[in-house]
Amino acid sequence: MDIILYLLIVILMKVELCESYAQCLSGCSCIDDRHGRSLICMEESAFGAIPENLPADLTKIRIEKSHFTEISRGAFSKTPAVENLWLNFNDITVINSKGLEGLRNLTELRLQGNKLRSVPWTAFEDTPTLKILDLKHNQLDVLPEHALKFLQGLTYLDLSFNQLTVISKEVFQNWPLYQKIHSTEERQATAPRSNVVLALHDNAWLCDCRLKGFVEFIMSLSPPIILMNSYLTCSGPNFRTGKFFHEIELQECTKPVVSTPKANISLPQGSNITLHCYAKARPDPAVWWTYGLKIIRGFHESQERVSDDTVRSHLVIPSLSAADHGVYTCTAVNFMGNSSVSVLLDVHSADSTMSSHLPGFPAASGGADQNVFIDIRIAKQTVRGISIEWFAALERPLETWFTIHFGRADDVKKEITYIGPGIHSYTMSDLMPATKYEICVTLKNQTPRPGQCIVFVTGSDITEMEQREKLIHIVVIVLAMVLAVPIGMYACTTDTRFPCFEVIMESWKRRQRESSSPGMERERQGTFDSLQAASDEELVNKDFNEDRKGKEVVGKM
């Protein structure tokens with residue numbers, strides 16, 4: 001009897017094992033051990049997406065090299081018992097914000113070697129027990145300030161071998177786990193605490209003022225928070241490339257301050273000149289030169305570093321000519337602000353005295369330019385904008401500045417804009433619709449004269465939908481008017497009006513008898529029916545008279 005019972009147990013175990021393997025996915029293997037049931041899929045391109053028919057009793061899932069690109073919403077919602085999820089070396093680029101929904105028991109998530117550029121950090125609200133998060137060898141370039149808000153139980157975070165350049169120290173200072181470790185109660189506690197490992201090495205750290213707080217945070221770390229590799233290195237700017245964090249000292253960020261060693265230069269034609277400006281800022285600003293309203297591209301411009309926070313820009317102008325006469329502006333911009341400085345360049349003939357007039361600062365004009373005629377016209381007009389063009393016969397067109405006076409037609413004081421030499425058009429946008437404006441073009445800073453101004457009105461800002469609605473309203477009103485015309489008018493204005501004439505007469509006489517009393521007449525006159533009856537009555541009388549006249553004519557004939 002014992003032998004039979006033993007054989008039955010063995011048979012049942014084999015049946016359950018066969019059923020278990022039958023439920024395993026094609027191309028994968030399923031393993032049962034003391035930790036639970038595992039699904040391992042290591043076959044190249046086994047799936048194009050995460051399978052939907054995953055066994056519900058899995059505690060570990062490992063799918064690698066399948067090259068699917070997305071973790072969709074609720075992808076693992078049917079496997080709530082999963083504790084370890086390995087999705088390494090796929091092509092994952094997107095994780096849905098609810099992609100981890102249902103994984104309340106998840107303790108380990110590994111996404112190494114994918115193509116993630118960002119992570120929906122709020123997705124970890126669905127994984128309150130997560131302890132290990134591996135994101136190395138991805139393409140992450142941003143770490144939001146509250147990225148770690150829902151990762152309160154982490155003991156291992158790997159962000160190495162990504163493309164992080166600048167992150168704020170608040171990312172970690174807002175981490176609930178970090179706050180708990182450094183709280184007063186935690187410091188006073190005697191019970192030992194497990195270590196927290198951070199891996200942040202091999203990123204493209206840009207070591208300028210924006211990284212100052214993070215560098216200070218890294219240098220202040222101590223157990224139980226441990227860096228896997230404490231030798232974090234700079235990838236930029238160039239003069240700090242390869243340096244370790246502990247070798248640099250970063251300053252606070254500042255807006256640019258631009259200066260020039262010489263703001264007024266006067267040279268004869270044919271000379272060579274190099275204009276200089278110094279831009280001091282943190283981080284490094286973008287620097288360029290402009291002449292009038294145009295960025296200079298024809299001359300050679302170069303930059304060199306003078307110190308950690310100062311760059312010098314050179315603008316080379318070879319063989320000066322009269323056309324090079326004017327104002328050159330050096331501008332520097334970074335995320336903190338901008339600054340600029342102007343250099344006034346006066347080019348004169350070799351045998352003449354230096355010109356006292358510099359067009360960079362428009363002055364009152366005189367002489368031959370005093371009465372120059374300016375032909376101004378509208379080149380293009382839209383609902384919220386206008387473009388104008390003008391022509392002026394000038395003796396020195398490459399040296400003469402213009403002034404734009406613009407504002408509402410009823411404004412006494414207009415907005416003034418100076419236009420550099422060689423420019424004969426101007427465009428304004430973002431104007432108010434259905435508004436009258438006035439624009440004038442004058443030489444330098446002359447006051448506008450008759451003939452130098454244009455008054456225009458911007459278009460109505462009625463959309464195509466509003467026009468269509470108005471058209472529909474008109475059509476409805478016309479139809480209502482047509483339907484309101486008495487039916488008798490249609491009947492009696494057709495070829496059948498003689499047959500219907502007697503019927504209408506009988507109806508009219510009947511109404512006359514019914515309304516013979518004065519009280520009823522007064523009551524009827526105050527209603528819509530009275531208007532209808534009066535209309536019918538007039539129509540009948542008119543037709544009756546016409547018919548009678550026709551019959552009399554026929555009788556005479």
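**Group meeting: aromatic rings, helix H5 and a few odd backbone spots**

Okay, let's start with two rings: Phe 172 and Trp 175 are both buried. Before I go on, keep in mind that this is a predicted model.

So how do those two rings sit against each other? The planes of Phe 172 and Trp 175 are at 65 degrees and the centres 6.4 Å apart, so that pair is edge-to-face. Phe 172 has another partner, Phe 217, and that aromatic pair is stacked, with 10 degrees between the planes and 5.0 Å centre to centre. What I like here is that the stacked pair links distant parts of the chain: Phe 172 belongs to helix H2 and Phe 217 to helix H5, 45 residues apart. Phe 172 and Phe 217 are both buried as well.

Now zoom out a bit. Ring pairs tie Phe 172, Trp 175, Tyr 178, Trp 205, Phe 214, Phe 217 and Phe 245 into a cluster. And how many aromatic pairs does a search of the whole structure find? The count is 13.

Let's stay with helix H5, residues 212–220. Its buried residues are Lys 212, Gly 213, Phe 214, Val 215, Phe 217 and Ile 218. Yes, there's a lysine on that list. What covers them? The cover includes helix H2 (170–173), helix H3 (176–181) and strand E11 (225–227).

Follow the chain on from H5 and you hit a cis peptide bond, Pro 223 to Pro 224, with omega near 15 degrees. Pro 224 is in the loop between H5 and E11. There's another cis bond from Gly 236 to Pro 237, omega near -5 degrees, and Pro 237 sits in the loop between E11 and strand E12 (254–259).

On the other side of H5, look at the loop that joins strand E10 (196–199) to H5, where you'll find Asp 202. Asp 202 isn't a glycine, yet its phi is positive, about 55 degrees. Is Asp 202 buried, exposed or partly exposed? Its relative accessible area is 45%, so partly exposed.

Ala 434 also has a positive phi of about 55 degrees without being a glycine. You'll see Ala 434 in the loop between strand E25 (425–428) and E26, and Ala 434 is exposed, because its relative accessible area is 55%.

That brings us to strand E26 itself, residues 436–443, and to Thr 442 in it. Thr 442 comes out at 0% relative accessibility, so it counts as buried. What does the Thr 442 side chain do in there? One polar contact, at 3.2 Å, joins it to the side chain of His 405. The Thr 442 side chain also reaches the backbone oxygen of Gln 446, at 3.0 Å. Setting aside residues up to four places away in sequence, Thr 442 touches Ile 374, Phe 402, Thr 403, His 405, Thr 447, Pro 448 and Gln 452.

Next, Gln 139, in the loop between strand E8 (132–134) and strand E9 (156–158). With 25% relative accessibility, Gln 139 counts as partly exposed. Which residues is Gln 139 in contact with, leaving aside neighbours within four places in sequence? Lys 115, Leu 116, Arg 117, Asn 162 and Gln 163. Take Lys 115: its C-alpha is 5.8 Å from that of Gln 139, and the two are 24 residues apart along the chain.

Last one, back to rings. Lys 60 lies over the face of Trp 86, at 4.8 Å from the ring centre. Okay, questions?

Key:
Residues are numbered from 1 along each chain as its sequence is written. This is a predicted model: local features need pLDDT of at least 70, side-chain atom pairs count only at pLDDT 80 or more; totals for chains, interfaces and linings use all residues. Side-chain values use heavy atoms; hydrogens and water are left out. Buried means under 20% relative accessible area, exposed over 50%, partly exposed in between (1.4 Å probe, protein chains only). Helices (H or I, at least four residues) and strands (E, at least two) are DSSP runs, numbered from the N terminus. Contact means heavy atoms within 4.5 Å. A polar contact is a pair of N or O atoms within 3.5 Å; within protein, one must be able to donate a hydrogen and the other to accept it, and residues adjacent in sequence count only if both atoms are side-chain atoms. Rings of Phe, Tyr and Trp (its six-membered ring) pair if their centres lie within 6.5 Å; planes under 30 degrees apart count as stacked, over 60 as edge-to-face and the rest as tilted. A charge sits over a ring if NZ of Lys or CZ of Arg is within 6 Å of the ring centre and within 35 degrees of the ring normal.
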